[in-house]
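These are my notebook entries on a structure I was asked to look through. I record the pockets, the chain contact, the cysteines and a few single residues in turn.

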Amino acid sequence: MLKGRHLIEPNDFTIKELDEIFTLAEDIIKKPDAYSDICRGKLLATLFYEPSTRTKFSFEAAMLRLGGNVIGFSEAKSTSVAKGESIADTIRTIGCYADIAVMRHPKEGAPKLASKYSNIPVINAGDGGHQHPTQTLTDLLTIKLIKKSISNHTIGLCGDLKFGRTVHSLVKALSRYQNIKFVFISPSELKIPQYIKDELKGHEYYETSSLEDVIDKLDILYMTRVQRERFISEEEYLRLKDSYILTLEKLKNAKKDMIIMHPLPRVNEIAMEVDSDERAVYFKQARFGMFVRMALIIKLLGVEIYA
Amino acid sequence: MLNIDAIKKGIVIDHIKAGCGYKIFKELGLHKADYTVALIKNVPSNKLGKKDLIKIENEIDLDLTILGLIDPDITINIIENEKIKEKIKLSLPKTVKGILKCKNPRCVTTIEKIEDVEFTLVDEKTKEYKCEYCDAKTSL
Ligand SMILES: [Zn+2]
């Protein structure tokens, strides 16, 4: 039962529980009208201590499409938090008004702290560089819907694998499934950390700095941003940034049914010309993100599904 | 050799790594004690070459967690009638509450008052503990 539970990190839920969410999300995609009123009278609070318009919109759209309502703030400055209110007190107060809360916070572990004091479900919508579980749910649903199963794939993860929170969570989540082969593609400065590799639980993995060398092997290519501020020198950045720009030319050798994913926003790591390629699924992925959040809200609220 | 009287009833903390005695002395609050305590440094030892030793002439509740965290190799002798009644071997605690501080500057514990943050042992060799909130590793 997911009713009343919190989602702080992807592994808070069992594979079976994740599957329930994905199955429900799939059903919502098939017949969205049947769910358009299911959360009537329910209230979602979005507690965004730092701005993240995209994630906030995704949650708000999800709740509104279920017929529920939304309250919240998008930065701490304008709230009682600025007067020094503790997270514990904030969530206890919000729990008096709302039925479910989504929290984004620059400090790592803040949503977990909130969940300890909350009488309503808390969803972590990103805590610093730590976790962003609904992004991981989005990624898993995308793979499941387009590639038919989450197991049995070779996935290439490309870009900043050192600091990339979405990559770390996705790798950790995927390592719970069967027969996944990981290909880590990054400049040597931004390699995947050892502790992530330690958690691969026997899955095969391969590290390289060349996307071209491995692109023909991949079923899934997960692109991420290489941020300028991650580099010590500007020259290093300039030398490396172009080597990870995905173009139609580089896609020539890729499998016809490979899918290209990206957590968005993109800067320049995927050329615009790639957008019209059938394999580019990153905008679909964003849409799936809203549906998976709809399914998550329904499950955590435990509302009756009469669809 | 310096003569330290045997104690009748109390605790002897033995096999402290030479030089670490004072840290433990302070950590246990013994510098504020109003009963007889002795910190003896650089005692010749067969096992360690040199060791520190603390004698406490009083029944006190020792925080074994904190002692284990500082040095799991020290031995605690409970003394009654000038004899060792009980020997306690310490071990590295699996979880620690309220002693360690998270060293991750981005951790929520750096901005919120949380009394009993729990740390879980993740590496016996390096004595590293994981913060329950941010998962960052920290050691004493
Ligand atoms: Zn921490």
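**Second largest pocket**

I noted that helix H2 (53-65), helix H5 (133-147), H6 and helix H11 (282-301) of chain A each give at least two residues to the lining of the second largest pocket. I record here that the model is a predicted one. I then looked up which helix gives the largest share of this lining, and it is H11(A), with 6 residues. Sorted by class, the lining of the second largest pocket holds 7 nonpolar, 15 polar and 7 charged residues. The space in the second largest pocket comes to about 740 Å³. I counted 29 residues around the second largest pocket, and those closest to its centre are A:Thr166, A:Arg225, A:Pro263, A:Leu264 and A:Pro265.

**Largest pocket**

I turned next to the largest pocket, which contains about 1200 Å³ of space. Its lining has 40 residues, and A:His130, A:Tyr195, B:Cys134, B:Asp135 and B:Ala136 are the closest to the centre. I find that two or more lining residues come from each of helix H4 (110-117), helix H6 (165-174) and helix H7 (194-198) of chain A, and likewise from strand E7 (118-123) and strand E8 (128-131) of chain B. H6(A) provides the largest share of the lining of the largest pocket, with 5 residues. By class I recorded 13 nonpolar, 11 polar and 16 charged residues in the lining of the largest pocket.

**Helix H6 of chain A**

How many of the 10 residues of H6(A) are buried? I found 9, so the helix is largely enclosed by the rest of the structure. The buried residues of H6(A) are A:Arg165, A:Thr166, A:Val167, A:His168, A:Ser169, A:Leu170, A:Val171, A:Ala173 and A:Leu174.

**A:Thr136 and A:Lys201**

I located A:Thr136 in helix H5 of chain A. Is A:Thr136 buried or exposed? Its relative accessibility is 0%, so I enter A:Thr136 as buried. With neighbours within four places in sequence left aside, A:Thr136 makes contact with A:Pro10, A:Ser169, A:Leu170 and A:Ala173.

A:Lys201 sits in the loop between H7 and strand E7 (205-208) of chain A. I enter A:Lys201 as exposed because its relative accessible area is 56%, where the cut-off for exposed is over 50%. Not counting residues up to four places away in sequence, A:Lys201 touches A:Ser175 and A:Arg176. I also looked up A:Lys201 against A:Asp99: the C-alpha atoms are 38 Å apart in space, and the two residues are 102 apart in sequence.

**Contact between the chains**

I listed 15 residues from chain A and 13 residues from chain B in the contact. About 1100 Å² is buried between chain B and chain A, and carbon and sulfur atoms give 47% of that area. On the chain B side, B:Arg106, B:Glu112 and B:Tyr133 lose the most area to chain A, and together they account for 45% of what that side buries.

**Cysteines**

How many disulfides are there over all chains? My count is 0. I checked two cysteines for burial. B:Cys102 has a relative accessible area of 13% and is therefore buried, the cut-off being under 20%. B:Cys134 is also buried, with a relative accessible area of 4%. I had already entered B:Cys134 among the residues closest to the centre of the largest pocket.

Conventions: Residues numbered from 1 in each chain as written. Chains lettered and ligands numbered in written order. Predicted model: local features only at pLDDT ≥ 70, side-chain atom pairs only at ≥ 80, totals over all residues. Heavy atoms only, no water. 1 Å grid on protein atoms, 1.4 Å probe; cavity = no way out; pocket = protein on both sides within 12 Å on 5 of 7 lines; lining within 4 Å. Points joined across faces, edges and corners; volume = space filled by probe spheres on them. Helix = DSSP H or I, 4+ residues; strand = E, 2+ residues; numbered from the N terminus. Nonpolar A, V, L, I, M, F, W, Y, C, P; charged D, E, K, R; others polar. Disulfide = S-S within 2.5 Å. Buried < 20%, exposed > 50% of the residue type's maximum accessible area, 1.4 Å probe, protein only. Contact = heavy atoms within 4.5 Å. Buried area = accessible area lost by both parts, 1.4 Å probe.
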